[in-house]
Amino acid sequence: MTLWLTAMLVWVAAGARVGRVLVKPATTARVAIVVAVAAVALGATVAVPEIALAIDDLRPHGLRSGLLSDGVVVSAWLAFVTATSVVAAAAWPVVSRRNLRQIAMVIYAAGATAVALALALSYTFGWGLVVLGAIFVVVTGLRNLDWTTLGRGIAIYTAGTALVGVLAALHVQRALADEPRAPAGEPTWGWPAWEIAALLVAFGAVWIVVELWVRARVLLRRIRPLHRLMVGRFPEVVAHEQTGTSTQLRASDQVAQIMDALYLQSGGGVELVAAGAPPAAVADRADRVAHWARNPLGDIVIDARWIAPPEGVSPRGWVQAIARAYQSTTGAHAERSASR
């Protein structure tokens, strides 16, 4: 059952990558990721014993190198390391955008040759090439690790590729030691590890999409009270209501609408002497702006200098800070109202 579930999840990830190519420019690297994840999905699907048996029945005597299903699996993982090598090649400084397409064609041709040799000569030879490709991908991935959304995705993808390399090396070792293969209708050797590797690769490939979506949802929930307040006062900041937009675009629109409304409430760019210069501390500045946003007719005076994001803070981060401070002032305001 878990093999079926793994195959389904990897195909879902492949579909997500296809969708990303359709809505963004189909660069060489993006197309290569689609090929890589689709190859993993194919390998995970053929690893299901029932599907492997059905494929073997298409050619009962298999190929010279072994059973047909085993050939499909090793070909799928060869396609994976080939396509991922295209992405890895793009990360090296010696490769430019101008010649990446030509380099990709060479890598794809080498991968197709490797698949043909593995099917014609030896599956063990094919697994050995998978190990070499995985080493190249892992080395490149480790060179590009950082604590960003993309870097975290690379880390997960690289971990999955490293596990693929280890399992392929163990395949070679077992073949050289004449270890018996799994009986027909039974999962292949090391199938739980292969499931983990496939899921890591699939999850790493869609990590950036998932994380950006989650962060946008968290942002929308956090700024909802402040957005409702400011848009209610200044509905003109909402140019038109867009339906069917993505979560990320909706979050960006609401951040811009809050900034526009705060700017209008401050007087539209007028600098007031009574407002004074804003402090360097982001938390103190956000707390003052939040109190003023709740009660612009109170004792606090704010001008456009206070509304502009502090140095080194993005508009999204600045609106988040104001929204957090606004929520804390909401609790304090409610307590004061209850005590009266």
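Guide: Helices here are DSSP runs of H or I with at least four residues, and strands are runs of E with at least two, numbered from the N terminus. The model is a predicted one, in which local features need pLDDT of at least 70 and side-chain atom pairs pLDDT 80 or more, while totals for chains, interfaces and linings use all residues. Residues are numbered from 1 along each chain as its sequence is written, and side-chain values use heavy atoms, leaving out hydrogens and water.

Visitor: Which residues lie nearest the centre of the largest pocket?

Guide: A pocket is an open set of points on a 1 Å grid over the protein atoms alone, where a 1.4 Å probe fits, with protein on both sides within 12 Å along at least five of seven lines, and its lining residues have an atom within 4 Å of a point. The largest pocket has 33 such lining residues. Nearest its centre are Ala-29, Ile-33, Val-87, Leu-150 and Ile-154.

Visitor: Which helix supplies the largest share of the lining of the largest pocket?

Guide: Helices that each give at least two residues to this lining include H1 (2–23), H2 (28–46), H4 (68–90) and H7 (149–176). With six residues, the largest share comes from H7.

Visitor: Which residues are closest to the centre of the second largest pocket?

Guide: The second largest pocket holds about 800 Å³ of space, a volume being the space filled by probe spheres set on grid points joined across faces, edges and corners. Its lining is made up of 42 residues. Those closest to the centre are Asp-70, Trp-127, His-171, Arg-181 and Thr-188.

Visitor: Which helix gives the most to the lining of the second largest pocket?

Guide: At least two residues each come from several helices, among them H3 (49–58), H6 and H8. The most, five residues, come from H4.

Visitor: How many Å does H7 reach from its first C-alpha to its last?

Guide: H7 has 28 residues, and 40 Å is expected at 1.5 Å a residue, where the expected span is 1.5 Å times one less than the number of residues. Just beyond the helix comes Asp-178, which has a positive phi, near 60°. The reach of H7 is close to the expected value, at 41 Å.

Visitor: How far apart are the C-alpha centres of domain 1 and domain 2?

Guide: The domain bounds, which come from an automatic or database assignment, place domain 1 at residues 1–206 and domain 2 at 234–339. Between the C-alpha centres of domain 1 and domain 2 the distance is 48 Å.
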